[in-house]
There are 4 protein chains.
Amino acid sequence: MIRVAICGGSGYTGAELIRILASHPEVQITAVTSEQSAGRSVADIYPHLFKFKDLIYEPLKKEALLDKADVFFLALPHGASQEVVAYFYNQQKKVIDLSADFRLRDPLVYEQWYKTPHKHREVLSNAVYGLPELYRDEIRSASLIANPGCYPTSAILGLIPALRHNLINTEAIVVDSKSGASGAGRKADIALACCEVNEGFRAYGVATHRHRPEIEQELTAICGSEVRISFTPHLLPIDRGILSTIYCPLLRELKTPEILNIYKDFYKNEPFVYVLDEGLLPDLKDVRGSNFCMISVTLDHRTNTLIVISVIDNLVKGASGQAVQNMNLMLGLKETMGLMHIGLFP
Amino acid sequence: MIRVAICGGSGYTGAELIRILASHPEVQITAVTSEQSAGRSVADIYPHLFKFKDLIYEPLKKEALLDKADVFFLALPHGASQEVVAYFYNQQKKVIDLSADFRLRDPLVYEQWYKTPHKHREVLSNAVYGLPELYRDEIRSASLIANPGCYPTSAILGLIPALRHNLINTEAIVVDSKSGASGAGRKADIALACCEVNEGFRAYGVATHRHRPEIEQELTAICGSEVRISFTPHLLPIDRGILSTIYCPLLRELKTPEILNIYKDFYKNEPFVYVLDEGLLPDLKDVRGSNFCMISVTLDHRTNTLIVISVIDNLVKGASGQAVQNMNLMLGLKETMGLMHIGLFP
Amino acid sequence: MIRVAICGGSGYTGAELIRILASHPEVQITAVTSEQSAGRSVADIYPHLFKFKDLIYEPLKKEALLDKADVFFLALPHGASQEVVAYFYNQQKKVIDLSADFRLRDPLVYEQWYKTPHKHREVLSNAVYGLPELYRDEIRSASLIANPGCYPTSAILGLIPALRHNLINTEAIVVDSKSGASGAGRKADIALACCEVNEGFRAYGVATHRHRPEIEQELTAICGSEVRISFTPHLLPIDRGILSTIYCPLLRELKTPEILNIYKDFYKNEPFVYVLDEGLLPDLKDVRGSNFCMISVTLDHRTNTLIVISVIDNLVKGASGQAVQNMNLMLGLKETMGLMHIGLFP
Amino acid sequence: MIRVAICGGSGYTGAELIRILASHPEVQITAVTSEQSAGRSVADIYPHLFKFKDLIYEPLKKEALLDKADVFFLALPHGASQEVVAYFYNQQKKVIDLSADFRLRDPLVYEQWYKTPHKHREVLSNAVYGLPELYRDEIRSASLIANPGCYPTSAILGLIPALRHNLINTEAIVVDSKSGASGAGRKADIALACCEVNEGFRAYGVATHRHRPEIEQELTAICGSEVRISFTPHLLPIDRGILSTIYCPLLRELKTPEILNIYKDFYKNEPFVYVLDEGLLPDLKDVRGSNFCMISVTLDHRTNTLIVISVIDNLVKGASGQAVQNMNLMLGLKETMGLMHIGLFP
């Protein structure tokens, strides 16, 4: 059994890692850390994980953890992750970082958006952006994975085929995303209280959300020329899921079968991306609890726009599930191991 | 007291008209019609309207209704409304039609989108589009009001000031709208069942929704040249509210105080439109149950885009409240009479 | 205009008082206090109250407030309310206290359940329990009202007629209550976060909730002999509303028309209590935002049990609406003034 | 691989069977039937089951199905199930019936509550009530399982230990149950529309629900003397889950450790029932999507009442999961096979 540690395991992504890894046949969780919950069991904090009565949160002491695991998942706050990643990475461990600290390749862009310097540029240069649909081979041989953000996963998966085929005016892409409340994490915050979120809906971080440079970085990498997008995240009064509606002005006229073929063909061997048939639209309820991404493509001939809609579960394909997918690749396991659960509907 | 009849009063917009008119000091509801619920009381169908035990739904017989009321609200299905509107209009009654039958000025556009011919073109030519913020004077002297659709109300109110000032590239506007489930009406439909909608989120009618030509008609009227928009409606797992996120590529660079001034100035005398201060974003929960529209404007300097967000309650400002606002104007009453209720939060 | 101050006005009951009083024709809010939000406007904290831009929260300084108002609503935490109530009461002001500090007539019971001594027993002896359906005459001449708790309002209103008629075994009443999340107030608390409450349901305070002695006190007062109940509150994943299912073992066999008559007769002149016809059951959605209480009575002949179900909006009839009803009575105004709004459905 | 057919597979319990069986290592679904959806694929009706593109609903033709499977799950409407069960049973197939047709041992009780005669009394006498915690041995050797109702599962599991120890006055048990909307099935019904259920809460079937005789039958069997309960089901505005609050007047005084021991001891070897430690209360969100039942016991010394709270997922332990648990037992497989998934939280 491969020994796995989860640093920062008391948030929703940490709990979701435990849930997913609990049914993974090749893995054993040997340590979870949490400063706030140190000394308490996982079962105590999360009653749905009541089987984990003997898995006790411990404070994050790097040296003490080192020999406990072969693979380290880090679900720490942005900024705090840098140093821990660097330590385990330098100790030749496999590291999968769910924070944003190693996602932006350019440390100056990181500093601009996260308002803190990047102190481990050498390590950063060795990180692989963990979107298997883009970087599967690099992930296989990587030691450090920067696990993608939830919004970027939904946006990038929706855009790769169209960008690869040079179909879009890359200066006018609009990504309008809607996320369930778990995306904000587990915290005592009035703005996230049930009465404030339930039956409501609002945008936030308009024009300023930190996932934008991450999306732009990857779209630019795909295109080879700079892509700038309009990106607006919104808060849905539900637990899980991200739906992104992506407006792409087309460079030439297309017919539906053509664009559908491009998308279906691109994703035909991907185990977790499913392109819907003509006329169908995805509901984020259909991927709840699963690692799947569903995508629809629709042409608006009146404005010559391609409208892509993608849905994921932000805690699974948008975080912990994708992290396990990356782990499988890094370890040479079957990529889908422990990840083929069907979404919970209704 | 002015006598008011509601034709098609057993749906959500009908019930909402009754709720609003119940506290209107100058109006008395004298008749409500419903084929399906004929013979049953309003209280029977809608327990929250339990005070209306003696208001009995009757079948819609135009001649029998004629003398019962001075003002007729019609909340009938599209297509079915045409003839009833024409009848009451020709009998010199005040008519406020909440269907789409008299919203599109060009009968050919109507036929194209609603798949049925328009048989009352003469009457159509006398209808006034009931958005007071655009057509207040015409409404005052009108006998027939085409009450705007819910999505169009949210989209148009968000765009008027920017269009009037020629700030936007009118060929690339994106309107991404999200509506609560009451927008689909009260019907036995598996797609609207609680288990199908709750905790879910999905787009529908992508590139094909009938509110698009209505929005485009009014934006074109404002601009004087043809406007085509990308418009995508989505279904929120909540009861009420529409939030529209509107992306407007700017023709020139703007500063925030400038755009804020333009919006605040334009709406400064409007009783129901409220422009938020810099940095604030509206939540549709803040207008629930009220006739208010809240609007925020944000500049995305990176892509030189104006992002407007507007929220309304789809059943109030998006339907029945706006209908009462129009009635007040038509009757020479105070425009805000019976409509100043504060939204229900939380 | 009567001048009204709200002490502790930044929670949900405070905001609800502002919402209700905003449409009250005889009242003007002259001061609101909040330590946490001092210096900020009501509009700033609660965007749905955007009209109250000039109403600024101030710290609670009793002497400074004294001349600003004739009526004082206190929505302060339990314990903190005692002294403020006593001050304004002794200064001959009308006081309506929404805390529990003056609800329990016996100061020893208060101390037992609220773990703090009662320091104003003299004042306590002059407080009137503000349930108009029980104490209307006393309220009219009172200077200090202890506004009932939300659960007690729903439970007591469901039981008065049956108790008055000596129909029930008073040693075996079960009150199973379910409340929306606003009952817990507005606070930063992980247990109330959207992701923790949404799509969930749980009991809390089983056998230990502080509203039990309050309910028992009033039931005992009605019966003249001690009543002890089983009471279990639950948290519903919604904003507003309390539904109480009350199981009453009957002392003799009854027929439905008989029990229905008893209830309908008892409440026939009550403006805010509505007894449903045979076969109908109340939904808390039907009273959302209103001051109404709906009650159904059902006989279970198999076990000879009366099952009463009552619904209220916990923030209105269960708190701020009832407080305004009490104010109307104290001031000799029409009891229903400003309170006849219909519930918001859907 | 064991071949399994699902008759009546287009409802929520059918879809849930497919979801669960999809990850069961020893089973293969060879046929699903649905009259309404005949000819369409499972993926077409349920997008979350998109992998089942080639599993096509067929009309229920018993003879055609006979050779296709070894085990038949029947999720047919009450009444319609009788004949199909009898057919497959008489053909020596293993049958698990999720309808109520074979749950009530006394055909007269069945006829009284289901208003239709029981035409297969011989078969009925061979049915085993499929609650493994009560009838594990009988299930192992049974050919026909009457899979318990959702409410009965939650109520009975909460009561067995106390009844076995003769702790309760069996004439005064109150079961107050609350269920998510999926319990009502998948149908086009205005009463189940999102806008009618969302943000609402109501009781239904007070004193008349058909699950009461089923609960009473099993409680009576445990006690050996007739048990009559008060039972009230309620509709929660959520997808999944049943929480039952059970009030049990005690025959003697108990201390918490004593009652806790009795429950913990009784369930110590049960793989799917988990008794919470003192002071903890279950949330139905903690078992969402899982086959677990969580139970808390609390003593109310003031009224000498035991308050048991149990939670299950109505579609899993309350229906399809329990059906698979029964299948495992009937086939001699490990009882927990394919059923150990952790609940989805949040």
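Colleague: How far apart do the C-alpha centres of domain 1 and domain 2 of chain A lie?
Modeller: This is a predicted model. The domain assignment of chain A gives residues 2-126 as domain 1 and residues 151-314 as domain 2. Between the C-alpha centres of these two domains of chain A, the distance is 27 Å.

Colleague: Which helix gives the largest share of the side of domain 1 of chain A that touches domain 2 of chain A?
Modeller: The contact draws 9 residues from domain 1 of chain A and 7 residues from domain 2 of chain A. By class, the domain 1 side has 6 nonpolar, 1 polar and 2 charged residues. The largest share of that side is 3 residues, and they come from residues 107-114 of chain A, helix H5.

Colleague: Now two helices of chain A. Is H8(A) roughly parallel or roughly perpendicular to H12(A)?
Modeller: Helix H8 covers residues 150-164 of chain A, and helix H12 covers residues 316-331 of chain A. Their axes lie 8 Å apart and make an angle of about 100 degrees. Angles of 65 to 115 degrees fall in one class. H8(A) and H12(A) are therefore roughly perpendicular.

Colleague: Which residues in H12(A) are met by A:Cys150, A:Thr153 and A:Ser154?
Modeller: The residues of this contact between H8(A) and H12(A) divide into 2 nonpolar, 4 polar and 1 charged. H8(A) brings A:Cys150, A:Thr153 and A:Ser154. From H12(A) come A:Lys317, A:Gly318, A:Ala319 and A:Gln322.

Colleague: On to the chains. What kind of axis relates chain B and chain A?
Modeller: Chain B superposes on chain A with an RMSD of 0.0 Å. The operation is a rotation of 180 degrees, with 0.0 Å of shift along its axis. The two copies are thus related as by a two-fold rotation axis.

Colleague: What share of the interface residues of chain B are also interface residues in chain A?
Modeller: The contact takes 39 residues from chain B and 39 residues from chain A. The copies meet through the same surface, because the share of interface residues of chain B that are also interface residues in chain A is 100%.

Colleague: Which element gives the most to the side of chain B that touches chain A?
Modeller: By class, this side has 20 nonpolar, 8 polar and 11 charged residues. Several elements of chain B each supply at least two residues, among them strand E8 (173-179), helix H9 (194-197) and strand E10 (229-235). With 4 residues, the element that gives the most is E11(B).

Colleague: How many residues of chain B are in contact with chain C?
Modeller: A turn of 180 degrees and a shift of 0.0 Å along the axis lay chain C on chain B, with an RMSD of 0.0 Å. Of the interface residues of chain C, 100% are also interface residues in chain B, so the copies meet through the same surface. The side of chain C that touches chain B has 11 nonpolar, 6 polar and 5 charged residues. Chain C puts 22 residues in contact with chain B, and the count from chain B is 22.

Colleague: Which strands are the edge strands of the open sheet with mixed pairing in chain C?
Modeller: This sheet has 7 strands, in the order E9-E10-E8-E11-E14-E13-E12. An edge strand here pairs on one side only. In chain C the edge strands are E9 (202-203) and E12 (273-275).

Colleague: Which residue in E14(C) stands opposite C:Asp300?
Modeller: Strand E13 (residues 293-300) and strand E14 (residues 305-312) of chain C pair in the antiparallel sense. The pairing runs over 7 bridges. Opposite C:Asp300 stands C:Thr305.

Colleague: At what angle does H11 of chain C run to E13(C)?
Modeller: Helix H11 spans residues 256-266 of chain C. It lies across E12, E13 and E14 of chain C. Its angle to E13(C) is about 155 degrees.

Colleague: Last, the parallel sheet of chain D. Which strands stand at its edges?
Modeller: The sheet is open, with 7 strands in the order E3-E2-E1-E4-E5-E7-E6. Each edge strand has a single partner strand, so one side of each is left without a neighbour in the sheet. In chain D these are E3 (57-58) and E6 (128-129).

Colleague: Which residue of E3(D) stands opposite D:Thr33?
Modeller: Strand E2 (residues 27-33) of chain D runs parallel to E3(D), joined by 2 bridges. Opposite D:Thr33 in E3(D) stands D:Glu58.

Key
Residues numbered from 1 in each chain as written. Chains lettered and ligands numbered in written order. Predicted model: local features only at pLDDT ≥ 70, side-chain atom pairs only at ≥ 80, totals over all residues. Pairing = 2+ DSSP bridges. Contact = placed C-beta atoms within 7 Å. Axes fitted to C-alpha atoms, helices over the stretch in contact; angles between N-to-C directions. Nonpolar A, V, L, I, M, F, W, Y, C, P; charged D, E, K, R; others polar. Parallel < 35°, antiparallel > 145°, perpendicular 65-115°, else oblique. Domains from an automatic or database assignment. Least-squares fit on C-alpha atoms with pLDDT ≥ 70 in both.
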